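Here's a quick briefing to read alongside the model. Have a look at the structure first, then go through the points below.

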Amino acid sequence: ILVAVGFGNYWTAELDFTNLSDGVHTLTVLANDVLNNSNNGESVNFIVNQTGPVVSLESPLNNSEELSGAVNLSFNVSDQLSGVARCDLYLNGEVNKTIFNVTEEISQGFVVNLPKADYYWFVQCVDELGNSGNSETRVLSVIEVKPLVSLDSPVDNYLSAVDDLVFTCLATNAFSLATLTLYGDWEGWGIKETAEVSGTSNSSTFNKVIADGTYLWNCLAVD
């Protein structure tokens with residue numbers, strides 16, 4: 001209860017809300033004159049909010065592994081008393097991405113392109129009043145899986161009676177393939193031809209005319 005004594009038509013008072021708990025509160029003004037006449041002016045509701053949003057990480061799980069490339073880091077956030085203004089993704093201690101259009105209590109996330117490395121990450125969200133809340137910190141290992149290449153033909157130690165040879169390479173990968181390149185050491189070791197490919201499994205055929213001799217060859221796949 002705050003008692004303010006005044007003899008004019010207007011008066012002001014300062015209220016200390018330091019010890020009020022978070023939530024919705026009601027302030028009612030009661031006026032009394034010198035003849036003890038009273039009048040309830042009006043009541044107003046106000047919100048005390050000193051607590052940041054609650055942020056929960058969803059995936060990937062702690063100490064998990066993901067393949068290099070696009071990785072989705074998902075989370076969920078809620079704030080009971082005010083809206084969420086933004087959420088920041090922290091990777092290894094630095095802000096990597098920010099979401100401003102945040103929807104509470106649904107799964108959402110950051111899609112980031114991560115090379116092979118170890119990361120620790122968390123999400124910090126800030127409400128409309130500037131209160132912040134952090135999720136737990138998780139560890140993520142991003143691994144790199146190289147394409148698998150097999151040499152289909154000619155077989156090893158193949159003896160050809162003609163100089164017109166057909167080289168066939170097969171490749172598979174976790175991500176979409178981009179190119180297959182034939183290497184050989186006829187006329188010096190180096191690239192002999194590159195073919196564009198697609199999909200996670202594909203093959204390429206290269207026709208080459210080669211002089212008599214013994215040669216080495218292989219193929220390189222790039223995603």
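Cysteine 87 is buried, with a relative accessible area of 0%, and in this predicted model that residue turns up in both the disulfide and the core topics. Its disulfide partner, cysteine 125, also counts as buried because its relative accessibility is 0%, under the 20% cut-off.

**Disulfides**

- The count of disulfides comes to 2, and with the bonded cysteines numbered in sequence order the pairing reads 1-2, 3-4.
- Cysteine 87 and cysteine 125 make one of them, with their sulfur atoms 2.0 Å apart.
- Cysteine 87 sits in strand β6 (residues 84–91) and cysteine 125 in strand β9 (residues 117–127), so this bond ties together parts that are 38 residues apart in sequence.
- Which hand does the bond between cysteine 87 and cysteine 125 have? The torsion about S-S is about 110°, so the disulfide is right-handed.
- Cysteine 169 is joined to cysteine 219 by a disulfide, at an S to S distance of 1.6 Å.
- Here the link runs from strand β13, home of cysteine 169, to strand β17 (residues 217–222), home of cysteine 219, so parts 50 residues apart in sequence are tied together.
- Cysteine 169 and cysteine 219 are both buried.

**Nonpolar cores**

- The largest nonpolar core holds 21 residues, and Phe75, Cys87 and Val123 have the most contacts inside it.
- Elements giving two or more residues to this core are β3 (54–59), β5 (69–78), β6, β8 (108–114), β9 and β11 (138–143).
- What does cysteine 87 touch, leaving aside its neighbours within four places in sequence? Its contacts are Phe75, Val77, Lys97, Thr98, Ile99, Val102, Phe110, Val123, Gln124 and its disulfide partner Cys125.
- Apart from the largest core lies another one, of 15 residues, with Ala171, Leu182, Phe206 and Cys219 among them.

**The β3-β5-β8 sheet**

- Three strands, in the order β3-β5-β8, make an open sheet with antiparallel pairing.
- Why do β3 and β8 count as edges? Each has a single partner strand, so one side of each is left without a neighbour in the sheet.
- From one strand to the next, the twist averages 30°.
- Strands β5 and β8 run antiparallel and are joined by 7 bridges.
- Across that pairing, asparagine 72 stands opposite valine 111 in β8.

**The β12-β13-β16 sheet**

- This is an open sheet of 3 strands with antiparallel pairing, in the order β12-β13-β16.
- The edge strands are β12 (148–153) and β16 (201–209); each has a single partner strand, so one side of each lacks a neighbour in the sheet.
- On average, neighbouring strands here are turned by 25° against each other, direction ignored.
- There are 9 bridges between β13 and β16, which run antiparallel.
- Aspartate 164 faces valine 209 in β16, standing opposite that residue.

**Threonine 168**

- Threonine 168 belongs to strand β13 (residues 164–172), the strand that also carries cysteine 169.
- Is threonine 168 buried or exposed? Threonine 168 is buried, because its relative accessible area of 11% is under 20%.
- Not counting residues up to four places away in sequence, threonine 168 touches Ser150, Leu151, Asp152, Ser153, Ser204, Thr205 and Trp217.
- Among these contacts, Ser150 falls within β12 (148–153), Ser204 within β16 (201–209), and Trp217 within β17 (residues 217–222).

Definitions and conventions
Residues numbered from 1 in each chain as written. Predicted model: local features only at pLDDT ≥ 70, side-chain atom pairs only at ≥ 80, totals over all residues. Heavy atoms only, no water. Helix = DSSP H or I, 4+ residues; strand = E, 2+ residues; numbered from the N terminus. Buried < 20%, exposed > 50% of the residue type's maximum accessible area, 1.4 Å probe, protein only. Contact = heavy atoms within 4.5 Å. Pairing = 2+ DSSP bridges. Axes fitted to C-alpha atoms, helices over the stretch in contact; angles between N-to-C directions. Disulfide = S-S within 2.5 Å. Core = buried A, V, L, I, M, F, W, Y, C linked by side-chain atoms within 4.5 Å.
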